Amino acid sequence: MTLLWVMIAGGLGSGSRYLIGRWALTAFGAAFPYGTLIVNLAGCFALGVVTQLASTGVMNPELRTAIAVGFIGGFTTYSSFNQETIGLFSSGALGAAAGNIAITLAGGLAAGALGVTAGRLLTS
């Protein structure tokens, strides 16, 4: 049953991301990815709230999973990276936190560039 709720919430999160992106494009233009920025910052905030509520027992695990993995996961994946990195810093694993930031940033840029290259090779 949890899987069903994650899937439903994920669809709602993805739809919300799309609508916010469209709104931001209309409101602010295309010179900067405002929609993505808004979604990522909102997702980080929301996952922080959900994580805290779940850790104090205010939210049951099934609801936490539906919201965190489903809705927020469909809304943005940056929020998960953010929360996990905060957890590493909080537990004193400063090297792991810094490594996670560096590898995610550099690795993501490299993987994206490789994906573009692969796509170009496949279509040429």
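Start with α2, residues 34-55. This helix gives the most to a nonpolar patch, with four residues. Keep in mind that the model is predicted.

**Select the patch.** Pick Trp23, Phe28, Phe32, Tyr34, Leu37, Ile38 and Leu41. Show their side chains. Together they form a nonpolar patch on the surface. Their accessible area adds up to about 670 Å².

**Color the helices behind it.** Which elements give two or more residues to the nonpolar patch? They are α1 (2-28) and α2 (34-55). Give each its own color.

**Zoom in on Trp23.** Tryptophan 23 is found in helix α1. Is Tryptophan 23 buried or exposed? The answer lies in between: its relative accessible area is 47%. Buried needs under 20%, and exposed needs over 50%. Tryptophan 23 therefore counts as partly exposed.

**Zoom out to the whole chain.** Switch to a cartoon view. Follow the chain from the N terminus: the elements run α-α-α-α-α. That makes five helices and zero strands. Now show the C-alpha trace alone. Along its principal axes, the trace spans about 55 × 35 × 30 Å.

**Turn on the surface.** The chain exposes about 8000 Å². Color this surface by atom type. Carbon and sulfur atoms supply 73% of the exposed area. Next, look beneath the surface. Of the 124 residues, 19% count as buried.

**Finish with contacts.** Take the contacts in the chain with a separation of 6 or more. Residues 24 or more positions apart account for 56% of them.

Terms used:
Residues are numbered from 1 along each chain as its sequence is written. This is a predicted model: local features need pLDDT of at least 70, side-chain atom pairs count only at pLDDT 80 or more; totals for chains, interfaces and linings use all residues. Side-chain values use heavy atoms; hydrogens and water are left out. Patches are made of residues with over 30% relative accessible area and no salt bridge: like charges are joined within 9 Å, nonpolar side chains (Val, Leu, Ile, Met, Phe, Trp, Tyr) within 5 Å. Accessible areas come from the Shrake-Rupley method with a 1.4 Å probe; for residues, only the protein chains shown count as cover. A salt bridge is a side-chain nitrogen of Lys or Arg within 4 Å of a carboxyl oxygen of Asp or Glu. Buried means under 20% relative accessible area, exposed over 50%, partly exposed in between (1.4 Å probe, protein chains only). Contact means heavy atoms within 4.5 Å.
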